[in-house]
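Welcome! Below is a short tour of how the parts of this protein meet, first for a pair of helices and then for the domains.

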Amino acid sequence: MDQITTTTAEWQALDREHHLHPFTDPKVLGEQGVRVFTQADGCYIWDSDGNKILDTMAGLWCVNVGYGRQELVDAASKQMATLPYYNTFFSSSTPTQIRLARRLSELTPAGLDYFFFANSGSEANDTIIRLVRHFWEVQGQPSKNVFIGRTLGYHGSTLAATSLGGMAPMHAMGQSLLPGFEHIIEPHWYRHGQGKTPEEFGLEAARALETKILELGAENVAAFVGEPLQGAGGVIDPPSTYWPEIQRICKKYDVLLVADEVICGFGRTGNWFGSDTYGIEPDLMPMAKGLSSGYLPIAAVAMNKRVSDAINGGGVISHGYTYSGHPVSCAVALANIDIIEREGLIDKVREETAPYFRDSLQQLADSHPIVGELRGVSLIAGLQLVRDKASREFFAPTEQPAIECREHCIGENLILRAVGHTMVACPPLTIGRSEIDEMIEKTKIGLDKTAAAHG
Ligand code: PLP
């Protein structure tokens, strides 16, 4: 393209002509035109019309250290000048890849000291599926090959990750549900647990796993895979009884436990990993997003010694990606971890930022007629929109109050996400009090306008 494109209308015309967007309704896009973002700093992004917008979604749940970190730019640039690329196939490695694996082993929950690198959360989960099936083959139990996930679980968008997840529209598109994937109910007490305490419901939701294992036969079940807190399904944080019971069941039937940390990892829940927050001891753990704060694509799969020993004794690993352990992405991930540690971001989130964030949101949730409950933990939050707060009447599936609310918020220069009938916030870990105040004020305007339209 010879000419320099400058106006939003020009960007929109070109985009319309050439670009198929992920997770986008082409009809709506055609009517509204694409929104183009051009620069970012801290918790703010700017669009091509010059609007300064508070990004309380940290991009796609990933820019944990905030935008504009020169240190990450320098780490990438230095690595590009030294060794821009080499692969990790055929017994090769690079210093940044080795250093990152070592560094991660110091941060991950006890026993998870061995790593495989990939480029996205989806690839990490595909890797899990291939490695776990291989693990059971090597153990002489090839029939253990079925994976159990959850409704509204999200593990990515490749064919296998789509099947593992529990998103009905994704299964429906292109007949994407592969055989060998089963799902149990998501542990959402407010929706499914009427008449029970959260603790009773947590046990009941976890025991759906036992029922499913018995139905399939434990000799056929490879692993249970769950996000410590379900993010893209609408920020579903399980009752306190849930994970201990899941863990007991997995041990009893020798089913591997996989905690998908793609959103929860790197400080989001007030600890390095969601598994720390919920006391989960997984056998394998995929991670991505906050690993590099989204500055470059990178993902990793952590595994324990039982898994790595078996796999290492099982012959050639016929799996890998050209960019597994890409040296520049590894350099950025190392520098990103340095920032999180040096600035004490996780302690700060746990002790200062999250209490203020949650108190502010709780007050808004309690006082607003259209909000049924506040969910989540630490710096990830979901506001459930309901038609009637007192009776817990939900909106009909055909109604779209959250999308309406999201659009009202964008009109106020605030980015929140709409998931089903839930408004989601997942800001950079660096968000300050004044930015939280701004988020609350603008969210309230969005909720007020939405409530008025549904009054
Ligand atoms: N796993 C979880 C828990 C996620 O939230 C996501 C993305 O949101 C993925 C996996 C997929 O990651 P990616 O989009 O990098 O493939």
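## A pair of helices

Axes that make an angle under 35 degrees count as roughly parallel. With that cut-off in hand, let us turn to two helices of this predicted model: α10, which covers residues 198-216, and α11, which covers residues 242-252. Their axes cross at roughly 20 degrees, so α10 and α11 are roughly parallel to each other. The two axes come within 8 Å, and the crossing is right-handed.

Which residues bring α10 and α11 together? On the α10 side they are G202, L203, A205, A206, R207, L209, E210 and I213. Their partners in α11 are Y242, E245, I246 and I249. By character, the residues of this contact comprise eight nonpolar, one polar and three charged.

## Two domains

Now let us step back to the whole protein, which is divided into two domains. Domain 1 is made of 35-68 + 344-454, and domain 2 spans 71-343. Taken over C-alpha atoms, the centres of the two domains are 26 Å apart.

## Where the domains touch

How many residues of each domain take part in the contact between them? Domain 1 contributes 28 residues and domain 2 contributes 25. On the domain 1 side, two or more residues come from each of these elements: the helices α3 (58-61) and α15 (345-367), and the strands β11 (371-377), β12 (380-388) and β16 (422-425). That side of domain 1 has 15 nonpolar residues, 10 polar ones and three charged ones.

Methods: Residues are numbered from 1 along each chain as its sequence is written. This is a predicted model: local features need pLDDT of at least 70, side-chain atom pairs count only at pLDDT 80 or more; totals for chains, interfaces and linings use all residues. Domain bounds come from an automatic or database domain assignment. Two residues are in contact if their C-beta atoms, placed from the backbone, lie within 7 Å. Helices (H or I, at least four residues) and strands (E, at least two) are DSSP runs, numbered from the N terminus. Ala, Val, Leu, Ile, Met, Phe, Trp, Tyr, Cys and Pro count as nonpolar, Asp, Glu, Lys and Arg as charged, and the others, Gly among them, as polar. Axes are lines fitted to C-alpha atoms, for helices over the stretch in contact, and angles run from 0 to 180 degrees between N-to-C directions. Angles under 35 degrees count as roughly parallel, over 145 as roughly antiparallel, 65 to 115 as roughly perpendicular and the rest as oblique. A crossing is left-handed if the near helix is turned anticlockwise from the far one by less than a right angle, and right-handed if clockwise.
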